[in-house]
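Here are a few short exercises to work through with the model open in your viewer. Try each task before reading its solution.

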Amino acid sequence: MKRRIRYGMVGGGPGSFIGGVHRRAARLDGEIELVCGAFDIDPVKSKGMAKELYLPEERCYLNYEEMFEKESKLPLGERMDFVSICTPNHLHYRIAMAAMEHGFNVLCEKPMTLTIEDAEGLAEMVKKTGAVFCLNHNYTAYPVVRAARDMVKAGQLGDIRRVMVEYPQGWLADVVTSDNMQGSWRTNPKTTGVSCCMGDIGSHAENLSEFITGLKITEICAGIKNFVPGRSGLDDDGDVLLRFNNGAEGVLSASQIAVGEENALRIRIYGSKAAIEWRQENPETLIMKFNNGPQQIFRRNWAGFAAKWSRIPAGHPEGFFEALANIYTDFAHAIDAKLEGKPYQGEFPTVWDGVRGVKFIHKVVASSKEGKWLKIEE
Ligand code: NAD
């Protein structure tokens, strides 16, 4: 790369969660630089954040509209190359659309949009503008998860027959109070969309199962439920039966009322020859299982592919930040290649993953209401 790739952030203001994680992850490899932002719905708080980040006052904008307008008028050598969208769900579509209209690339948090039409609209815009677009399904970027994908691809599991994926959390087991910033918008249909739990974490499980298996979910049958009052009936727990395009079957469970659970994302994939198991809370270990032999334990950095996405030798733990840094660095390399007019095959999730995620969420809600299997189109 001839220079650092520059970005602006929308969201990630004081007291927020994922914006700060993004900023740290983006810095990790030294190839990406935060140059501007509209960090908070409240411009005063946004200014405070910009000060904390040592950004010049004139690069902290009142809102994202002003940011895109003014950044697009700066000389090429100064303006941001992409925007990182770290706001609640209902804003992703309009911010991403406005960014692409002004010629910027986009890294967007999940779920991509509230409606399928909006998701398809963003995909159309990506085609029209040639923007580099990344959807942040960060769990796909753990080195060991990428190695698992390669093992499946190389046929080490045989034909994939069953996927069992679960994401239990306990943090929404009680009524959300108004001072719970993250909980408040997630339990409001206007800001979170048609689903709370399945949209928030079920979509990660859906994406992860497609990423590792290389298969597509073609049909689902769901039962989702609201346990805790004050959520307009939005789900805080549920199960989805899955059918994949090779005939494999599966089950996806997600919960935010599973008391005592933190981020216990776990996936098990069973093939005709072998099975694999990965847990997010122990992300450097992949277990391979057989009927006719002992289990094998793979660790990050064993000779092979996973080394490409690691920074330090195994045994010195890497985790959530490093996985997100893999997304950022790969994405920055894709932008650099675009600037240089060179081809580049990134491994980060794209706008098409975003479209599939939003379709999945809507079908899950509809299937649960109608009590029947529903197809998910490509
Ligand atoms: P949060 O409530 O902690 O933070 C949201 C931030 O957006 C706040 O600073 C708020 O002021 C700001 N904001 C709201 N409206 C704005 C506007 N118009 N302009 C500028 N800023 C605005 O939320 P969070 O938990 O950080 O989640 C943000 C997004 O990230 C959501 O889409 C969520 O689904 C996603 N997320 C993803 C992961 C992951 O692992 N990939 C984890 C957590 C959250």
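What follows is a set of exercises on a predicted model, each with a worked solution.

**Exercise 1. Work out how the chain is split into domains, and how far apart the domain centres are.**

Start with the assignment: domain 1 takes 5-139 + 323-350, and domain 2 takes 140-313 + 356-375. Next, take the centre of each domain over its C-alpha atoms; the two centres are 25 Å apart.

**Exercise 2. Describe the interface between domain 1 and domain 2 by its contacts and buried area.**

Step one is counting: 31 residues of domain 1 touch 33 residues of domain 2. Step two is area. The size of an interface is often given as the accessible area lost when the parts come together. Here the two domains bury about 2,500 Å² between them, with 55% of that on carbon and sulfur atoms. Step three is to see who contributes: Tyr139, Asn326 and Glu347 account for 35% of the area domain 1 buries against domain 2, more than any other three residues.

**Exercise 3. Look at the polar side of the interface, then say which elements of domain 1 supply residues to it.**

Salt bridges come up first here: there are five between domain 1 and domain 2. For a specific pair to look at, go to Arg311 and Asp29, whose side chains form a salt bridge at 2.8 Å, N to O. Polar contacts across the interface come to 18 residue pairs. On the domain 1 side, the elements giving two or more residues are helix H5 (116-129) and helix H10 (320-340). H10 gives the most, six residues. Sorted by class, that side of domain 1 has 15 nonpolar, 11 polar and five charged residues.

**Exercise 4. Find which residues Ile116 touches beyond its sequence neighbours.**

Locate Ile116 in helix H5. Skip anything up to four places away in sequence, and you're left with Val358, Lys359 and His362 as its contacts. Now check a C-alpha distance: Ile116 and Phe360 sit 244 residues apart in sequence, yet 9.5 Å apart in space.

**Exercise 5. Decide whether Lys225 is buried, partly exposed or exposed, and list its contacts.**

Lys225 belongs to strand S7 (residues 217-225). Its relative accessible area is 44%. Buried needs under 20% and exposed needs over 50%, so Lys225 counts as partly exposed. Leaving out neighbours within four places in sequence, Lys225 is in contact with Asp235, Asp236 and Asp237. As a last distance check, Lys225 and Asn291 are 66 residues apart in sequence and 36 Å apart in space, C-alpha to C-alpha.

Conventions. Residues are numbered from 1 along each chain as its sequence is written. This is a predicted model: local features need pLDDT of at least 70, side-chain atom pairs count only at pLDDT 80 or more; totals for chains, interfaces and linings use all residues. Side-chain values use heavy atoms; hydrogens and water are left out. Domain bounds come from an automatic or database domain assignment. Contact means heavy atoms within 4.5 Å. Buried area is the accessible area (1.4 Å probe) that two parts lose on being put together, summed over both. A salt bridge is a side-chain nitrogen of Lys or Arg within 4 Å of a carboxyl oxygen of Asp or Glu. A polar contact is a pair of N or O atoms within 3.5 Å; within protein, one must be able to donate a hydrogen and the other to accept it, and residues adjacent in sequence count only if both atoms are side-chain atoms. Helices (H or I, at least four residues) and strands (E, at least two) are DSSP runs, numbered from the N terminus. Ala, Val, Leu, Ile, Met, Phe, Trp, Tyr, Cys and Pro count as nonpolar, Asp, Glu, Lys and Arg as charged, and the others, Gly among them, as polar. Buried means under 20% relative accessible area, exposed over 50%, partly exposed in between (1.4 Å probe, protein chains only).
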